[in-house]
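Here are a few exercises to try with the model open in front of you. Have a go at each one before reading its solution.

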Amino acid sequence: MLTKFRWGTVAAIVAVVGVFATVASATHSWGIYHWARTANPFTLKVVDSVTSAWDSYLVEANADWSASSVLDLTGEPGLTSTSERRRCRPVTGKIRACNYTYGFNGWLGLASIWVNGNHIKQATTKVNDSYFNTSTYNTPAWRRLVMCQEPGHTLGLD
């Protein structure tokens with residue numbers, strides 16, 4: 001049961017969120033770069049190079065992004081050896097998702113793209129197990145957030 005103090009804190013947070021709530025929008029973080037597409041929905045393969053600790057989160061993120069009427073992210077099996085996940089090499093025309101202990105370098109997840117002209121040709125999304133192996137970040141909520149956010153960056157969302 002929440003104490004009076006906690007109820008007051010919850011009420012204050014709700015009030016602040018209500019005051020600052022706005023219509024959701026997204027900006028394109030890659031500037032002029034975008035995936036070439038010819039149809040709706042635009043289907044993009046996500047190469048699954050994550051370990052079993054991440055598989056369900058990747059599947060869930062792909063499904064969530066695919067709820068859009070203009071985008072369909074579909075999974076594809078990938079290599080999951082330690083060396084493959086560490087390198088996380090991009091695959092032409094696809095997003096590769098990898099996890100590895102990339103070090104305590106300030107990022108939980110990292111999205112990268114490769115371009116040709118204005119078009120994104122390939123992308124990677126990495127999740128950093130150095131942080132996710134700690135009690136602070138090793139939670140379903142943090143794993144969901146980062147595994148959903150990083151593919152969003154490869155799609156061009158800020």
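Which residue follows α5, and is its phi positive or negative? Before the solution, some ground rules. This is a predicted model, in which local features need pLDDT of at least 70 and side-chain atom pairs count only at pLDDT 80 or more, while totals for chains, interfaces and linings use all residues. Residues are numbered from 1 along each chain as its sequence is written, and side-chain values use heavy atoms, leaving out hydrogens and water.

**Solution 1**
- Helices are DSSP runs of H or I with at least four residues, strands are runs of E with at least two, and both are numbered from the N terminus.
- After α5 comes G156, with a positive phi near 105°.

**Exercise 2. Work out how long α5 is and what its buried side packs against.**

*Solution*
- Start with the span: α5 has 15 residues and reaches 22 Å from first C-alpha to last, close to the 21 Å expected at 1.5 Å a residue. The expected figure is 1.5 Å times one less than the number of residues.
- Next, pick out the buried residues (buried is under 20% relative accessible area, exposed over 50%, partly exposed in between, with a 1.4 Å probe and protein chains only). In α5 they include R143, M147 and E150.
- Now look at the partners: the buried residues of α5 pack against β1 (34–35), α2, β4, β5 (109–116), β6 and α4.

**Exercise 3. Place Y57 and find its contacts.**

*Solution*
- Y57 sits in helix α2 (residues 52–66).
- It counts as buried because its relative accessible area is 13%.
- Contact means heavy atoms within 4.5 Å. Leaving aside neighbours within four places in sequence, Y57 is in contact with P140, R143, R144 and M147.
- Y57 and L145 are 88 residues apart in sequence, yet 9.1 Å apart in space, C-alpha to C-alpha.

**Exercise 4. Trace the largest nonpolar core.**

*Solution*
- Such a core is a set of buried Ala, Val, Leu, Ile, Met, Phe, Trp, Tyr and Cys residues joined through side-chain atoms within 4.5 Å.
- The largest one has 24 residues, and among those touching the most other members are W35, W54 and M147.
- Elements that each supply at least two residues include β2 (42–49), β3 (71–77) and α5 (140–154).
- The largest share, five residues, comes from α2.
- Apart from this core lies another, of five residues, among them C88, C98, Y100 and W107.

**Exercise 5. See how N128 is surrounded.**

*Solution*
- N128 lies in strand β6.
- With a relative accessible area of 0%, N128 is buried.
- Not counting residues up to four places away in sequence, N128 touches seven residues by name: Y100, T101, Y102, G103, N105, W107 and L108.
- One polar atom of the N128 side chain lies 3.1 Å from the backbone oxygen of W107.

**Exercise 6. Hunt for unusual backbone geometry.**

*Solution*
- Most residues other than glycine have a negative phi, and most peptide bonds are trans.
- C88 has a positive phi, near 45°, and is not a glycine. Its place is in the loop between α3 (82–87) and β4, and C88 is buried, at 2% relative accessible area.
- The peptide bond from N40 to P41 is cis, with omega near 0°. P41 belongs to the loop between β1 and β2.

Key: A polar contact is a pair of N or O atoms within 3.5 Å; within protein, one must be able to donate a hydrogen and the other to accept it, and residues adjacent in sequence count only if both atoms are side-chain atoms.
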